[in-house]
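This report describes the pockets, the nonpolar cores and selected backbone features of one protein model. The sequence and structure are shown first.

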Amino acid sequence: MNETNARTSGQVVGLAIVDDLVNAQRVLAAQRAYPESLRGLWEFPGGKVRDGENPLDALAREISEELGYAFRAGQEIVPPAGNSGWPLDNGMTMRVWTGVLLDTDGGGADGAVLTPTDVTSGAQPEGSDHLEIRWLTLDQNTEEAVEWIPADKPIVRALVEATGNMPTFC
């Protein structure tokens, strides 16, 4: 069994949508519509893995339902050592991958990569899970740019570090 097909009970998946898989400069944040306790907070789009579902298949389903797009996955944002995912407040864990959105109007999953101008900030996403989507500059200020769901903050930090967009001090 490969890592992608690992046990999924209590598993949530998320996608850190970036503008480029090699040289990411921006990340897409989605503002929660519900539940009321999380309404208005920002997160990485995604959702729960169903029983017997592969995590990347679950992520493809969730991104299609929530945003109306297909994506190409990049690297998984590695959780803290010894964890099968990033810990969530409800006792579940979340695995998060980087990814780019694809223009699949021409058919197939091999569409062109969409840019931030193709996916407009402030837009109402296709599904009802989010109030708004917004592109953020991927740098040391990303964590403070919007009010992230607390469980996503360490993932934002890890994403910024992994993309090399932290300042270098001598």
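## Pockets, cores and backbone

In this predicted model, the lining of the second largest pocket is made up of 8 nonpolar, 5 polar and 2 charged residues. This pocket has a volume of about 230 Å³. Of its 15 lining residues, L21, Q75, T98, A162 and T163 are the closest to its centre. Two elements, β5 and α3, give two or more residues to the lining of the second largest pocket; β5 gives the most, with 4 residues.

The largest pocket has a volume of about 490 Å³. It is lined by 22 residues, of which V12, R32, L38, E43 and L88 are the closest to its centre. At least two lining residues of the largest pocket come from each of β1, β4 (46-48) and α1 (55-67), and β4 gives the most, with 3 residues. The lining of the largest pocket divides into 11 nonpolar, 3 polar and 8 charged residues.

The two pockets are set side by side below.

| Pocket | Volume | Lining residues by class |
|---|---|---|
| Largest pocket | about 490 Å³ | 11 nonpolar, 3 polar, 8 charged |
| Second largest pocket | about 230 Å³ | 8 nonpolar, 5 polar, 2 charged |

The nonpolar interior is considered next. The largest nonpolar core has 28 residues, and F44, I77 and W148 are those with the most contacts inside it. β1, β2, β7 and α3 each supply at least two residues of this core, and its largest share, 5 residues, comes from α3. Leaving aside residues up to four places away in sequence, F44 touches L15, A16, V27, W148, D152, I155, V156 and L159. Apart from this core lies another, of 17 residues, which include V13, V49, F71 and I133.

Helix α3 spans residues 153-163, and its buried residues are I155, V156, A158, L159 and V160. An α-helix has 3.6 residues a turn, so residues three or four places apart point the same way. The cover over the buried residues of α3 includes the strands β1 (11-17), β2 (26-32), β5 (70-77), β6 (86-87) and β7 (93-103), together with the helix α2 (142-145). Three of the residues named here as buried, I155, V156 and L159, are also among those that F44 touches. After α3 comes G164, with a positive phi near 75 degrees.

A further backbone feature concerns a proline. The peptide bond from Y34 to P35 is cis, with omega near -5 degrees. P35 is located in the loop between β2 and β3 (42-43).

Key:
Residues numbered from 1 in each chain as written. Predicted model: local features only at pLDDT ≥ 70, side-chain atom pairs only at ≥ 80, totals over all residues. Heavy atoms only, no water. Buried < 20%, exposed > 50% of the residue type's maximum accessible area, 1.4 Å probe, protein only. Contact = heavy atoms within 4.5 Å. 1 Å grid on protein atoms, 1.4 Å probe; cavity = no way out; pocket = protein on both sides within 12 Å on 5 of 7 lines; lining within 4 Å. Points joined across faces, edges and corners; volume = space filled by probe spheres on them. Nonpolar A, V, L, I, M, F, W, Y, C, P; charged D, E, K, R; others polar. Core = buried A, V, L, I, M, F, W, Y, C linked by side-chain atoms within 4.5 Å.
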